[in-house]
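Me: I would like to go through this structure by asking what each label rests on. Please set the values against the cut-offs wherever a conclusion depends on them.

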Amino acid sequence: MSAEMIIEEDISQIPIDEIDVSNPKLFQQDVIGDYFKRLREEAPVHYCADGHTGPFWSITRFNDIVRVDTDHKNFSSESTLGGIVLDDINQRPEVEDFRLPMFIAMDPPKHDEQRKVVSPIVAPNNLAAMAPIIRERAAGILDSLPVGEEFDWVDKVSIELTTMTLATLFDFPWEERRKLTRWSDIATTSPGHGLVDSWDEWKAELIDCATYFQGLWNERAGGKQGHDLISMLAASPATANMPFNEFLGNLLLLIVGGNDTTRNSITGGVLALNQNPAEYDKLMNDTGLIPNMVSEIIRWQTPLAHMRRTALRDTEVGGKIIREGDKVAMWYLSGNRDSEVIDRADEFLIDRKDARKHLSFGFGIHRCVGNRLAELQLQIIWEEIVKRFRKVEVTGEAERSMSNFIHGFTTMPVILHPH
């Protein structure tokens, strides 16, 4: 199906059983919202027998998503069962010798033990210490931008700020920090989408990632430990002796989690304000709205479109029986547009009441460990933007990622207008 066909398709004429919301082109063309709307209204717990990545269930309403997300006894994240994404690379025959366990794709007790190792990096005292560093970097990035000339916001701002923060969390060599961006993109992209052409290349790049980090690990396990993620992993009995693939899996989880989600919210916020000029005016008239706006941006963008679970036993959700072994997608992007739970859910409102009431960070034991750091980066970058610029104007089409998991952008042209 071509992108043009998708855009022109009359959704109302598609038999409900044939709707496949896992098709990544629907996300790339930004038409997925209409498909989710129909599922929420007609089949909120929906079975697709012939999906882009095989048969699966879609959970599309807010409360049903919370129900599944908080029920790890019936719905597993375990990588050996398929993990947390519909298009599970670990299950492909091309990489069956290269499966990458990670703690987000584990069930208790192992999940809890490994998550506990890294969670102190985003404790309130650490965030307070990081805030001035992030602000200094955000200011430096913004001050280096060309005013009145078109440039790519994704590359120059969104990627740069989040990669700087990620390099700090890992105490990663500064001049090589864009390696982290590359590995994050590789980890979330199948071959043939512009980064690598084959699974062998895909594996080779990720092995390079693991080898590079193994060098940092060996330095810090040998005595040069700091307050960074690698030192924490090396020092804890729960993670000190991980097998190679598990080591790489957890690295990629921390890289993607600390990079893709925040960078796409930074871009998505600029786009949302341009699409809603009254909200941009509201912001410039009252910059005290920024903390609340940050939550609304994260809801609106929903940088991870879904999380997947596997049913451990026959379980009823929304009047439907999900069978043991079935794949289940919790579509956070759809739940964040559920008007039965979120008032005026299809509107972007920076002064929304209860703006933190959204699904973008998940619920239960797998709730995003770095959610406060993501909010902090967004708040700081917007505080620094409004000091300098009357408007960040989007001047052309924002190109979106072809992914049903990372709900993000590859490029977005902008021009800066100073006060």
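Reply: What follows is a set of questions and answers on a predicted model.

Me: Why is D69 called buried?

Reply: The relative accessible area of D69 is 4%, and buried means under 20%, so D69 falls within that class.

Me: What makes D69 and R309 a salt bridge, and which parts of the chain does the pair tie together?

Reply: The closest N and O atoms of D69 and R309 are 3.0 Å apart, and the rule asks for a side-chain nitrogen of Lys or Arg within 4 Å of a carboxyl oxygen of Asp or Glu, so the pair qualifies. Because D69 lies in helix 4 (residues 62-69) and R309 in strand 5 (residues 306-311), the salt bridge ties together parts that are 240 residues apart in sequence. R309 is also buried, since its relative accessible area is 2% against a limit of under 20%. By this rule the count comes to 25 salt bridges.

Me: How do you know that E383 and R135 meet in a salt bridge, and is R135 buried, exposed or partly exposed?

Reply: The N to O distance between the side chains of E383 and R135 is 2.7 Å, which is to be set against the limit of 4 Å. The two residues belong to distant parts of the chain, with E383 in helix 16 (residues 371-388) and R135 in helix 6 (residues 124-143), 248 residues apart. R135 has a relative accessible area of 30%, and partly exposed covers what lies between under 20% and over 50%, so R135 is partly exposed.

Me: What links D143 to R388, and why is D143 called exposed?

Reply: The side chains of D143 and R388 meet in a salt bridge, at 2.6 Å from N to O. D143 lies in helix 6 and R388 in helix 16, so this pair ties together parts that are 245 residues apart in sequence. Salt bridges that share partners join R135, D143, E383, E384, K387 and R388 into one network. D143 has a relative accessibility of 55%, and exposed means over 50%, so D143 is exposed.

Me: Why is H306 called buried, and what does H306 touch?

Reply: H306, which is in strand 5, has 0% relative accessibility, and because buried means under 20%, H306 is counted as buried. Not counting residues up to four places away in sequence, H306 touches I84, V85, L86, A329, M330, W331, Y332, N404 and F405. In the case of L86, its backbone nitrogen lies 3.1 Å from a polar atom of the side chain of H306, which is to be set against the 3.5 Å limit for a polar contact.

Me: Which residues touch the most other members of the largest nonpolar core?

Reply: They are W153, F170, F213 and W382, in a core of 110 residues. The largest share of this core, 10 residues, comes from helix 7 (residues 153-170). With residues up to four places away in sequence left out, F213 touches F170, F172, L180, W183, I230, F247, L251 and I255. Another core, of 18 residues, lies apart from it and has F36, C48, A305 and A329 among its members.

Me: What makes strand 4 and strand 9 edge strands?

Reply: The open sheet has 3 strands in the order 4-12-9, with antiparallel pairing. Strand 4 (151-152) and strand 9 (389-394) each have a single partner strand, so one side of each is left without a neighbour in the sheet. Strand 9 is joined to strand 12 (residues 413-418) by 5 bridges, and K391 has H417 as its bridge partner in strand 12.

Technical notes: Residues numbered from 1 in each chain as written. Predicted model: local features only at pLDDT ≥ 70, side-chain atom pairs only at ≥ 80, totals over all residues. Heavy atoms only, no water. Pairing = 2+ DSSP bridges. Helix = DSSP H or I, 4+ residues; strand = E, 2+ residues; numbered from the N terminus. Core = buried A, V, L, I, M, F, W, Y, C linked by side-chain atoms within 4.5 Å. Buried < 20%, exposed > 50% of the residue type's maximum accessible area, 1.4 Å probe, protein only. Contact = heavy atoms within 4.5 Å. Polar contact = N/O pair within 3.5 Å; in protein donor to acceptor, adjacent residues only side chain to side chain.
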